[in-house]
Amino acid sequence: MEQSIEFNGRTILVDKAGYLLNNQDWDEALALHLAQREGIEMTDAHWEVVRFVRAFYQEFNTSPAIRALVKAMEKTYGPEKGNSRYLQRLFPEGPAKQATKLAGLPKPAKCL
Amino acid sequence: MTSKRIAIINRTAPHGHSQGQEALDMTLVAGSFGQDVGLFFLDDGVFQLLTGQKPDAVLRKNYSKTFAALEFYDIDTLVVCQQSLQARGLTQADLCIPVQVLAPDALREALASFNHIVSF
Amino acid sequence: MILHLLRASPFSDQSLCQCLGRVTEQDGIVLMQDAVYALRGQEQAWYNPMTSVSSLYALKEDIEARGISAPEQVHVIGYPELVTLTLKFDNVISW
C-alpha cells in the first residue's frame, strides 16, 4: 500500500511504516521533518549516524541491520560509538530501523 | 547450547533468476542473528562474485556490492570451488571479494563440518 | 535461415550444445540473459564451434549486467537491433 508525506510543496511516497520509496527524494531538510515525526531532536551525533547509514547503503547497496551497523560503526569510529547502547540512546525505537528511516533508505531486510 | 553451523550454497548465476538474492538475504538474516554461517559458491554460482556487474541495465539490483559487507555480519567463511572457477576461465582476481578457493575434495570436507546445508 | 535465441547458461544447460549441432552457415545465434556466460567458455569444447559461427550476437544489456566482456568476433547488439534481426531471418527459435 502506498502512502505519502506532504513536505515543502512536494509529495513524497513512503511505505506503510514511513520509509521513503525513492531514496533520491531525500535531503537534509526532509530528514529533519522525518525526525520530528519520530519525536527525535537531531544533534550532531544523530547526523553522524544518519550520514553513516547512507554511506553504508551507497557502498553496499543494502540497509544495515543492527548488528552490522554496530560493527561497521565500530570499525570507523571505534568502540565508543560502535556499541548498541550508544546507538540505542540516540534512536530509542531501534537504531537500525530509525536511522535508516531518517536517512531515506529501505528498512533493513527482515528487521524485526 | 552451541549454535548449529549453516552452509548456504550458491549454484546459479545472478540476474536471470532470484536465487542469488535469496541466498544472500538468508545469509544476512542468519548473520544478524549470530548464527555461524558459511557461504559457498559452486558451478554457475561463482558468477555471483564477478566484478564489474551493472545489472541496472536489466533493471535488477546490484546486490554483488553487498558481499563486501559480509564482514559486518560476522560471515568470514566464503568458499569458492576451484574447478568451477577454472571451467569458466576465472581466477580470484575476477572476484569482488577475497575468498577461499578450494579443490573439490577440500570443499567437500569443508561442507561436511556444517550441520545444515541449504542450496540455492 | 534461422535465428537461434539462447537464454540459459551453457555451463548448466544443454541448449547451446544442442543448438550448435543443428546450425547451418546461414543461421544466426543470439546470446541473451544467462546465455551470455557462454563468452566465458574458453575452456569448453563448445567454445570454438560457437565463435566460428559468423553471425554470433550477444545482447549488450545482459553482458553489462553480468560483468562479462565480448571478444571481437561477437556482434554486440541492443534491443532495437534484436528486433531488426528477428525480421531479417526467416524463422526464430527460442532454445
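**Helices 2 and 5 of chain A, and the contacts of chain B**

The buried residues of helix 5 of chain A pack against helix 1, helix 2, helix 3 and helix 4 of that chain. I start there, and I should say at once that what we have on screen is a predicted model.

Which residues of helix 5 of chain A are buried? They are Pro95(A), Ala96(A), Lys97(A), Gln98(A), Ala99(A), Thr100(A), Lys101(A) and Leu102(A). That makes 8 of the 8 residues of the helix, so helix 5 is largely enclosed by the rest of the structure. After helix 5 of chain A comes Gly104(A), which has a positive phi, near 75°.

Let me turn to helix 2 of chain A, residues 44–60, where a simple check of length is possible: at 1.5 Å a residue its 17 residues should span 24 Å, and since the C-alpha atoms at its ends lie 24 Å apart, the two values agree. Buried in this helix are Val49(A), Val50(A), Val53(A), Arg54(A), Phe56(A) and Tyr57(A). When we look down the axis of helix 2 of chain A, these buried residues fall within an arc of 155°, so they line one face of the helix. As background, an α-helix has 3.6 residues a turn, so residues three or four places apart point the same way. On the other side of helix 2 of chain A, Asp44(A) and Gln58(A) are exposed, while the cover over its buried residues includes helix 1 (28–38), helix 3 (66–77), helix 4 (84–90) and helix 5 (95–102) of chain A. Helix 2 of chain A is followed by Asn61(A), with a positive phi near 60°.

Now to chain B and its neighbours. The contact between chain B and chain C takes 20 residues from chain B and 15 residues from chain C, and the chain B side of it has 8 nonpolar, 7 polar and 5 charged residues. Towards chain A, 13 residues of chain B are in contact with 12 residues of chain A, and those from chain B divide into 7 nonpolar, 3 polar and 3 charged.

Finally, two residues of chain B deserve a look at their backbone. His15(B), in the loop between strand 1 (5–10) and helix 1 (19–32) of chain B, has a phi near 75°, a positive value in a residue other than glycine. Is His15(B) buried or exposed? With 27 other C-beta atoms within 10 Å, His15(B) is buried. Asp43(B), in the loop between strand 2 (36–41) and strand 3 (77–81) of chain B, has a positive phi near 50°, and with 19 C-beta neighbours inside 10 Å it counts as partly exposed, because buried requires 20 or more.

Note on methods. Residues numbered from 1 in each chain as written. Chains lettered and ligands numbered in written order. Predicted model: local features only at pLDDT ≥ 70, side-chain atom pairs only at ≥ 80, totals over all residues. Helix = DSSP H or I, 4+ residues; strand = E, 2+ residues; numbered from the N terminus. Expected span 1.5 Å × (residues − 1). Buried ≥ 20, exposed ≤ 12 C-beta atoms within 10 Å, placed from the backbone. Arc of directions from axis to C-beta. Contact = placed C-beta atoms within 7 Å. Nonpolar A, V, L, I, M, F, W, Y, C, P; charged D, E, K, R; others polar.
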